[in-house]
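This report describes selected features of a protein model for a reader at the bench. It treats open and enclosed spaces, one pair of packed helices and two points of backbone geometry.

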Amino acid sequence: MTRSYGRLRRGAVTAAAVGILVVPLGGGTAFGAPSLAPTTATGMEQPSPSPSPSDDFRALTPEVKQQVDEAVQRVMREANVPGVTVGLWTPDKGNHVRSFGVADKDSGRRMSPDLYMRIGSETKTFTVTALLKLVDDGKVELDDTIGEYVDGVPNGDRITLRQLAGMRSGLFNYTEDPDFFKALTSDPQRSFTPQQLLDYAFKHPVLFQPGEKFSYCNTNLILLGLVVEEVGGQPAGEYIEEHILEPAGMDRTLFPTDAAFPSPHAQGYTNQTADGKVANSTDWNPSWGWTAGAMISTLEDLRIWAPTVATGVLPDGDTLISPATQEQRLDTPRTDIPGAGYGLGIFNVDGWIGHNGSLPGYESLTIYLPSARATIVVLLNTDIDHDDTEPSTLLGDAITKVVSPQHVFNLPAQPAAR
């Protein structure tokens, strides 16, 4: 959930990840090289044809698909990634869905496209969409201050909801607090309340004045979750389900309230542990991520979400977010990350719009290229860095270099930044 952003303590967006929740971990032992035999998805429907530019995205010919597969397998070998599922969809240049490696290192069970996966900071895109729906309904304004809704926020009378969604609040990122990290890793099954998460953040001074600069921060999204609950009149997860997931037809995406994990799912592997050793984090309680990173989804549902969040239009053509509000979401000022802009809960990296996600054991990437109406989704079952770079970033870079060489998803990662 931090920048990648996602790493727990690493906080926020320096890791070429756009959406991660991560805890600062010490190094850790990498696992053995995974088996890379791919699994092919079945039953994936191709979107109805429509014209798109010819230069921004290559046709997914057998040769190009092979290049994608080889790029994925190369990253898996180099970064010791157990399992990956990759999906690419276009309106007129073909689709490609493959799974590689294993979902469970102990049993050898293969990765497959139907598995539920934790999606970390991609949760932020749903939380901010919920906020934008409340804006469209006239119940909040983006330039309201957070102090109008939540008491006790440092600079709460000056920080706006827009600045929270755009990662420009100046608040401290709770996942970078040493006491939080100790509490989480000493008992990964414990449940955190939103107020407990805020308490870790608010004991630190603000980093800068509101709007002064960009700094990826999970604290911002916890606050926006509280706004959604107060103004929406129901728990944040229920609001997201009723107002976003159901209209989009995303019936395999959920906001868990505990450690429950639908089956079938992949096992997750992390070194974000108290001793820095690799552990199975599948059943860790994601409450510490809440509206910044707790959600679960699948490849097919994220295929739906990529164009929906990037355009504000539902699959049936109805409006999810009004054009005027969507335009504000997609205003993506430059960040301190070369080539990357960040709008309201969404990244623009060299033309690719979307978010990444990471929390212990899992990473994801869901991005959409409007000029070609192309979607890429990547799901994997580890968050262990390779040479200080998140594996999801390595995969996004490798895949886009093949299919969209003029638009490469290459967020640079920094070791202390998720």
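How many residues of the lining of the second largest pocket are nonpolar, how many polar and how many charged? The model is a predicted one, and in it this lining divides into 11 nonpolar, 6 polar and 3 charged residues. The lining comprises 20 residues, and the pocket has a volume of about 270 Å³. Nearest the centre of the pocket lie Gly237, Phe255, Pro256, Thr257 and Trp290. Helix α7, which spans residues 236–248, supplies the largest share of the lining, with 5 residues.

**Enclosed cavities**

Rolling a probe the size of a water molecule over the atoms shows where empty space is left. The structure contains 2 cavities of 30 Å³ or more. Their volumes and the make-up of their linings are set out below.

| Cavity | Volume | Nonpolar, polar and charged lining residues |
|---|---|---|
| Largest cavity | about 50 Å³ | 5 nonpolar, 2 polar, 1 charged |
| Second largest cavity | about 30 Å³ | 7 nonpolar, 1 polar, no charged |

The lining of the largest cavity is formed by Arg118, Ser281, Trp284, Asn285, Pro286, Trp288, Leu359 and Pro360. The second largest cavity is lined by Pro154, Leu171, Phe172, Ala201, Phe202, His204, Pro205 and Val206. No charged residue belongs to the lining of the second largest cavity, whereas that of the largest cavity includes 1.

**Packing of helices α1 and α11**

Two packed helices are described by the angle between their axes and the distance between the axes. For helix α1 (residues 62–79) and helix α11 (residues 391–403), the angle is about 155° and the axes are 9 Å apart. An angle over 145 degrees counts as roughly antiparallel, and α1 and α11 are therefore roughly antiparallel to each other. Their crossing is right-handed.

Which residues form the contact of α1 with α11? On the α1 side they are Val64, Gln67, Val68, Ala71, Val72, Arg74, Val75 and Ala79. On the α11 side they are Pro391, Leu394, Leu395, Ala398, Ile399, Val402 and Val403. By class, the residues of this contact divide into 13 nonpolar, 1 polar and 1 charged.

**Backbone geometry in two loops**

Where does the chain contain a cis peptide bond? Such a bond joins Ser263 and Pro264, with omega at about 0°. Pro264 is placed in the loop between α7 and β6 (269–270); helix α7 is also the helix that gives the second largest pocket the largest share of its lining.

A further backbone feature concerns Met167. Phi of Met167 is near 60°, a positive value in a residue other than glycine. Met167 is located in the loop between α3 (161–165) and α4 (178–186).

Definitions and conventions:
Residues are numbered from 1 along each chain as its sequence is written. This is a predicted model: local features need pLDDT of at least 70, side-chain atom pairs count only at pLDDT 80 or more; totals for chains, interfaces and linings use all residues. Side-chain values use heavy atoms; hydrogens and water are left out. On a 1 Å grid over the protein atoms alone, a cavity is a set of points where a 1.4 Å probe fits but cannot get out, and a pocket is an open set with protein on both sides within 12 Å along at least five of seven lines; lining residues have an atom within 4 Å of a point. Grid points are joined across faces, edges and corners, and a volume is the space filled by probe spheres set on the points. Helices (H or I, at least four residues) and strands (E, at least two) are DSSP runs, numbered from the N terminus. Ala, Val, Leu, Ile, Met, Phe, Trp, Tyr, Cys and Pro count as nonpolar, Asp, Glu, Lys and Arg as charged, and the others, Gly among them, as polar. Axes are lines fitted to C-alpha atoms, for helices over the stretch in contact, and angles run from 0 to 180 degrees between N-to-C directions. Angles under 35 degrees count as roughly parallel, over 145 as roughly antiparallel, 65 to 115 as roughly perpendicular and the rest as oblique. A crossing is left-handed if the near helix is turned anticlockwise from the far one by less than a right angle, and right-handed if clockwise. Contact means heavy atoms within 4.5 Å.
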